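Welcome, and thanks for opening the viewer. Take a seat, load the model below, and follow along stop by stop.

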Amino acid sequence: MPHPLGRPPSKIIAVHVNYRSRAAERGRIPAEPSYFLKPPSSLAGSGEAIDRPRGCELMGFEGEIALVIDRRAHRVSPEEGWSHVAWVTAANDAGVYDLRYADRGSNLRAKGADGFTPLGPRLLDARTLDPAALRLRTWVNGQLAQDDTTDTLLFPFGQLVADLSRLVTLEPGDVILTGTPAGASVVMPGDVVEVEVTGGELSTGRLRNHIAVAGHELEKWGALPKADPAERAAAWGAAYEPEPQLDRQIAEGLRGVAVATLSAQLRKRGLPHMSIDGVRPTRPGDKMVGVAHTLRYLPLREDLFTAYGNGMNAQKRAIEELRPGNVLVMDARRDTSAGTIGDILALRAQQRGAAGVVTDGAVRDSAAIAALDLPVYAAAEHPSVLGRRHVPWDTGVPIACGGALVQPGDLLVGDADGVVVVPPGLAQELIADSVEQELQERYITEQVLAGRGIDGLYPIGPQWREPYEQWLKQLPQQGDTT
């Protein structure tokens, strides 16, 4: 489309997170604004189609307020920043989450495709507007999806202009996309997205674009679309309904048998090394069943800690990647001389719906962790932060925890005896055989209490098989309430 000022911008700059509602939805509040670039070729106008590339499923919309720069801005102050804005209009910062992995951080292919930055339809004179009193609304198929006001911004418009101009000269015609509020989600071919910005009686009108499918296949000589549960959750936002991490019947079955029984059954199948050794529960009465999400620590190297240990490091990413039903499993190389998780991150894991936490290192803030409604298994307690011994390195990879190999997606079962790793493909038969083993042990216990000797009884020998079968017939059947 022609640029609103009659000339193409030298750049389009987009802010990652800027509304409090969006920060709450994402579970993080940035200390400073962060940005990415969109190419001028991504510009489009109202009424044009936004083409979802073939092979993609996660076409996202983000209603935003766009600022168009009037005067060259170089090292201006926040108080001066707004005076460099000529126009305000509506924008849709469209993108496909299926390609985010390909340019992680830059968003080039995910958000920079032709037509992925519609603007319009009308420009509002910035001199007539109060930048702290604008309203942004987005509709999908006529249903209101986003509604927020600029008095909730984390970083006001003047600050954005000033911050960018410290290092990047803003030229006349440049566009700043100022962030999206809560409610951004996924749209499908045939859907219609409308965005409007109002200030008092003034309105941009509704920027209206329909979603279509690109008329050609995406060529195969570059990154191709792919979507995983994490990207689907990020794309759908509050509307995301994740698939269950674990079949309910299997979860209930594993919860109903003891870890010691599962360990015995695994050993019978030639898997004697499935227990996570050396860990104990912060609350012995807890029972834990969930799906492994892994985090690996490496030994401290001071020259690498700044790069790997600060900011949104692997430890914090692992917490934010947790989905309901996950167990966060940490490989700390059995080094208990520093903490691997404290009360705040454990609380965040609980809020994310985690089924538990397992570490073969130490926990800090142990009393506060024990007070959470979250099963936690650790090798020790230690007051030190992880930087004393560990560098958080990566997530979602096979790890060693307490001598056991744990892969993402393995099942973890814990009780007062410890934690065992269950291969998902064996879960059903392990449950059935564990239930039978525990019935036999219940029968044996009754006989021992009655004074019987254990020779031939434990385990049940041929002479006890028929009495055991008769005892089973006398048990109430499942669902029998008599």
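Select Arg389: is Arg389 buried, partly exposed or exposed? Arg389 is partly exposed, with a relative accessible area of 34%; buried means under 20% relative accessible area, exposed over 50%, and partly exposed in between (1.4 Å probe, protein chains only).

Before going further, a word on what is on your screen. This is a predicted model, in which local features need pLDDT of at least 70 and side-chain atom pairs count only at pLDDT 80 or more, while totals for chains, interfaces and linings use all residues. Residues are numbered from 1 along each chain as its sequence is written, and side-chain values use heavy atoms, with hydrogens and water left out.

**Stop 1: around Arg389**

Stay with Arg389, in the loop between strand 23 (376-381) and strand 24 (390-395). Helices (H or I, at least four residues) and strands (E, at least two) are DSSP runs, numbered from the N terminus. Now show the side chain of Ser337: a polar contact of 2.9 Å joins it to the side chain of Arg389. A polar contact is a pair of N or O atoms within 3.5 Å; within protein, one must be able to donate a hydrogen and the other to accept it, and residues adjacent in sequence count only if both atoms are side-chain atoms. Not counting residues up to four places away in sequence, Arg389 touches several others, including Leu298, Arg333 and Asp335. Contact here means heavy atoms within 4.5 Å. For a sense of scale, pick Leu43 as well: its C-alpha atom is separated from that of Arg389 by 49 Å, and the two residues are 346 apart along the chain.

**Stop 2: the whole chain**

Zoom out. The protein chain has 13 helices and 28 strands, and its C-alpha trace spans about 95 × 50 × 45 Å along its principal axes. Of its 482 residues, 50% are buried. Among contacts in the chain with a separation of 6 or more, 78% are between residues 24 or more positions apart.

**Stop 3: Thr340**

Select Thr340, in strand 21 (residues 339-341). Its relative accessibility is 1%, so Thr340 counts as buried. Turn on the side chain of Thr359 to see a polar contact of 3.0 Å with the side chain of Thr340. Leaving out residues up to four places away in sequence, Thr340 also touches Tyr297, Met330 and His390, among others. Then add Ala378, which is 38 residues from Thr340 in sequence and 9.3 Å from it in space, C-alpha to C-alpha.

**Stop 4: Asn209**

Move to strand 16 (residues 207-213), where you will find Asn209. With a relative accessible area of 2%, Asn209 is buried. What does the side chain of Asn209 reach? The backbone oxygen of Glu48, at 2.8 Å. Beyond its neighbours within four places in sequence, Asn209 is in contact with residues including Gly45, Pro118 and Asp191.

**Stop 5: helix 5**

Select residues 229-236, which form helix 5, and colour its buried residues Glu231, Ala234 and Ala235. Look down the axis: these buried residues fall within an arc of 95°, so they line one face of the helix. That arc is the one of the directions from the helix axis to the C-beta atoms. Helix 1 (20-26) and strand 13 (185-187) are among what covers them. At the N-terminal end, Asp228 caps helix 5, with a side-chain oxygen 2.8 Å from the backbone nitrogen of Glu231. Just after the helix comes Gly237, with a positive phi of about 65°.

**Stop 6: Asp286**

Next is the loop between strand 18 (280-281) and strand 19 (288-299), where Asp286 is found. Asp286 is buried, at a relative accessible area of 14%. Show Arg283 too, since the side chains of Asp286 and Arg283 share a polar contact of 3.0 Å.

**Stop 7: backbone details**

Finish with the backbone. Which peptide bond leading to Pro121 is cis? The one from Gly120, with omega near 0°; Pro121 itself is in strand 9 (residues 117-125). Another cis bond joins Tyr458 and Pro459, with Pro459 in the loop between helix 12 (427-449) and helix 13 (462-474). Lastly, select Arg75, a residue other than glycine whose phi is positive, near 55°. Arg75 is exposed, with a relative accessible area of 65%.
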